[in-house]
Amino acid sequence: MHENRRFEPPADIAANANLKEDAYSRAAADREAFWAEQAERLDWDTKWDRVLDWDNPPFAKWFVGGRINASYNCVDRHVEAGRGDKVAIHWVGEPEDDTRSITYAELKDEVSRAANALTDLGVRTGDRVAIYMPMIPEAVVAMLACARIGAPHTVVFGGFSSDALASRLDDCQARVVVTSDGGYRRGAPSALKPAVDEARKKAPVVEKVLVVKRTGQDVDWDDSVDVWWDDAVGQASNEHTPEAFDAEHPLYVMYTSGTTGKPKGILHTTGGYLTGASYTHWAVFDLKDDDVYWCTADIGWVTGHSYLVYGPLANGVTQVLYEGTPDSPERGRWWKIVEQHKVTILYTAPTAIRSFMKQGREIPDKHDMSSLRILGSVGEPINPEAYVWYRQVIGGDRTPVVDTWWQTETGMIMISPLPGVTAGKPGSAMIPIPGISADVVTEEGESVPNGSGGYLVLTAPWPSMLRTIWGDDDRFVDTYWAKYQDQGFYFAGDGAKKDEDGDLWVLGRVDDVMNVSGHRLSTTEIESALVSHPKVAEAAVVGAKDEDTGQAVCAFVILRDEAGDGGDDIVAELRKHVRKEIGPIATPRQIMIVPELPKTRSGKIMRRLLRDVAENREVGDVTTLADGSVMDLISKGLSSGK
Ligand code: 6R9
């Protein structure tokens, strides 16, 4: 099934769009003036005297001389503008009926108290604070409290092991950790505090641990280190004057995996980052005052930073924050939340969409989701099949889908349709948003013609760009800038192609490109072909070593629930389907039907592990998997011949 449909922006969204077509040319004509205009969205204590200092590339400084407090911009200014009674967060706990709605005025009080408590614990401007928490409001409060006192935070995903936590604590030398006794996952309390206790043994730099009581489970306690949130924050004053920091003051460090074992601490600073997060959240989701916004990402991921904390709160939006999994206590939980809170903008990942497709449309169809007006996708290429399903089934065939390409390093959305301007093409992230310039280039850095593929690069600096890798300027230069040093391009590490109209299709990480008999094949394209078969819910493709062809295509496939075991000929049927969709060269050598796929917390398939299976090796390091048992399931399924 080839998808050639184009989805025009709905007339009402187009007519009232925050950004119109002219924004592209305005931004291109004077990029710095355009960014200065976006920075005006924020409240500055002191205005900048220079928009961009790019005298020493690739080390950028934005809004030089400006002074600003990110926390003030996310809470106080809304209260001061008379919007203190507006709900900032509708928090939905996993146990049903465990909910809280928090207004901006309440959020300001809580953030102020937490800022005072952190100061009392000895945290000073510039000190690093680690946050290791479930999806509860205190996690957001902790982040904003850190920002308020100029202590860069590093949020570590609550699903990570104590080892992963320890290495991050050590790398950024965090003196304080904010955590909770535990959280709820699939109906049961799970523990977090023991992992912090364990990590502290390997990272003795930690002096204090601030603990939120979420589940009430038993915890080990060390009086010289551990402090209950309720005691420290609960008793602190709600008066706190935010200090203005230099625009380039570090806001946070977010660790992301690199090609080597050691995770990279991506550093974001204050003024430029907040400008980028606020601008893109407003432009790409066409944000209006009465929107109810819901980003399903975990705060332990960059999407949770830019589009759950800094972007939406800087913009004063009402948003939903959900603690649990999509299928607890039942499969329609998300849609129930959309219905109850009349969510208008939903931002999630293709992997979630594909798992809903697998369960069938009857589940979402039971809910009234007519409030939805814009849908977003992030994290991986969205295959046309999932795009169309998302739009039709979740969006009632009315909602534009914005497929947003960006990275931890970029800090904000870079390539995306604009809902009021762009006629969407399923599967394409389209073109860079106004203010951003990107290209697809050859190995030598030459722009490829339409209809060809190459490497995705960003050709001009942008306000929310990473400033460096924490403590490792050389690695920063080597990883992102060395490849196209002469041209001064940022190398994103993704492959992409330009279609005949010049629109961009991101194909995935460059290391996901296979070479079969000298043909370059993208894993994404073959996965997309597999998923377009009616019996297939999800697919992951890897290139495995092959004596004849160099690499061979190996596919792992999850079938849709209603397809049962797919029938005896399912493998032959799927191979034929790929041959028809892409061509004989792309036909998988092997197709394995599996119950699950190994994914990171942000929904990215860990193809490295599947390659181990495909090449009959022992499976490598699984510590960054969201669910560590998945590889066992796959191996068992394969050995039982299923
Ligand atoms: C925000 C986030 C970044 C990598 C990126 C690319 C992939 C993200 C995508 C996409 C195709 C999209 N990616 N969004 N690929 N289309 N819309 O995911 O950050 O975790 O750092 O991952 O994710 O490969 O390079 P991060």
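When I say contact, I mean heavy atoms within 4.5 Å. With that in hand: among contacts in this chain between residues at least 6 apart in sequence, 70% join residues at least 24 apart.

Some housekeeping. This is a predicted model, so local features need pLDDT of at least 70 and side-chain atom pairs count only at pLDDT 80 or more, while totals for chains, interfaces and linings use all residues. Residues are numbered from 1 along each chain as its sequence is written, and side-chain values use heavy atoms, with hydrogens and water left out.

Okay, overall shape. The chain has 642 residues and a radius of gyration of 24 Å, which agrees with the value near 26 Å for a compact globule of that length. That radius is taken over C-alpha atoms, and the globule rule is 2.2 Å times the number of residues to the power 0.38. Along the principal axes, the C-alpha atoms fill a box of roughly 70 × 60 × 50 Å. The accessible surface comes to about 24000 Å², with 46% of it belonging to carbon and sulfur atoms; that's Shrake-Rupley with a 1.4 Å probe, and for residues only the protein chains shown count as cover. On burial, 62% of the 642 residues count as buried, where buried means under 20% relative accessible area, exposed over 50%, and partly exposed in between (1.4 Å probe, protein chains only).

Secondary structure: 20 helices and 30 strands. These are DSSP runs, numbered from the N terminus: helices are H or I with at least four residues, strands are E with at least two.

Now the inside. What do I call a nonpolar core? A set of buried Ala, Val, Leu, Ile, Met, Phe, Trp, Tyr and Cys residues joined through side-chain atoms within 4.5 Å. The largest one has 118 residues, and Leu-144 and Tyr-310 have the most contacts inside it. Helix α6, residues 137-149, gives the most to this core, with ten residues. Apart from it lies another core of 29 residues, including Ile-353 and Val-393. Back to Leu-144: beyond four places in sequence, its partners are Ser-71, Cys-74, Val-75, Leu-107, Val-111, Val-309, Tyr-310 and Leu-313.

Three of those partners, Ser-71, Cys-74 and Val-75, bring us to α4, residues 70-83. Where does α4 bend? At Asp-76, by about 40°, the bend being the angle between axes fitted to the seven residues ending there and the seven starting there. Ala-70, Ser-71, Tyr-72, Asn-73, Cys-74, Val-75, Asp-76, Arg-77 and His-78 in α4 are buried. Among the elements covering the buried residues of α4 are α5 (104-120), α6, β14 (250-256) and α11 (302-314). At the helix start, a side-chain oxygen of Asn-69 comes within 2.9 Å of the backbone nitrogen of Ser-71. That's a polar contact: a pair of N or O atoms within 3.5 Å where, within protein, one must be able to donate a hydrogen and the other to accept it, and residues adjacent in sequence count only if both atoms are side-chain atoms.

β14 turns up again as cover for the buried residues of α7, along with others including β8 (174-180) and α8 (193-202). In α7, residues 162-172, the buried ones are Ser-162, Ala-164, Leu-165, Ala-166, Arg-168, Leu-169 and Cys-172. Right after α7 comes Gln-173, with a positive phi near 55°.

Next, a pair of buried hydroxyls. Thr-318 is in strand β17, residues 318-322, and counts as buried at 10% relative accessible area. A polar atom of the Thr-318 side chain lies 2.6 Å from the backbone oxygen of Val-87. Ser-328 is in the loop between β17 and α12 (333-341), and is buried at 7%. A polar atom of the Ser-328 side chain sits 3.5 Å from the backbone nitrogen of Gly-187.

Last stop: who touches Arg-398? Leu-372 does, as part of a list that also has Val-338, Ile-345 and Ile-394, and Pro-10 does too, along with Pro-400 and Pro-419. Leu-372 is in the loop between α14 (362-365) and β19 (374-378), buried at 1% relative accessibility. Pro-10, in the segment before α1 (11-15), is buried at 18%. C-alpha to C-alpha, Pro-10 is 36 Å from Phe-63, with their positions 53 residues apart in sequence, whereas Leu-372 is 9.2 Å from Glu-339, at 33 residues apart.
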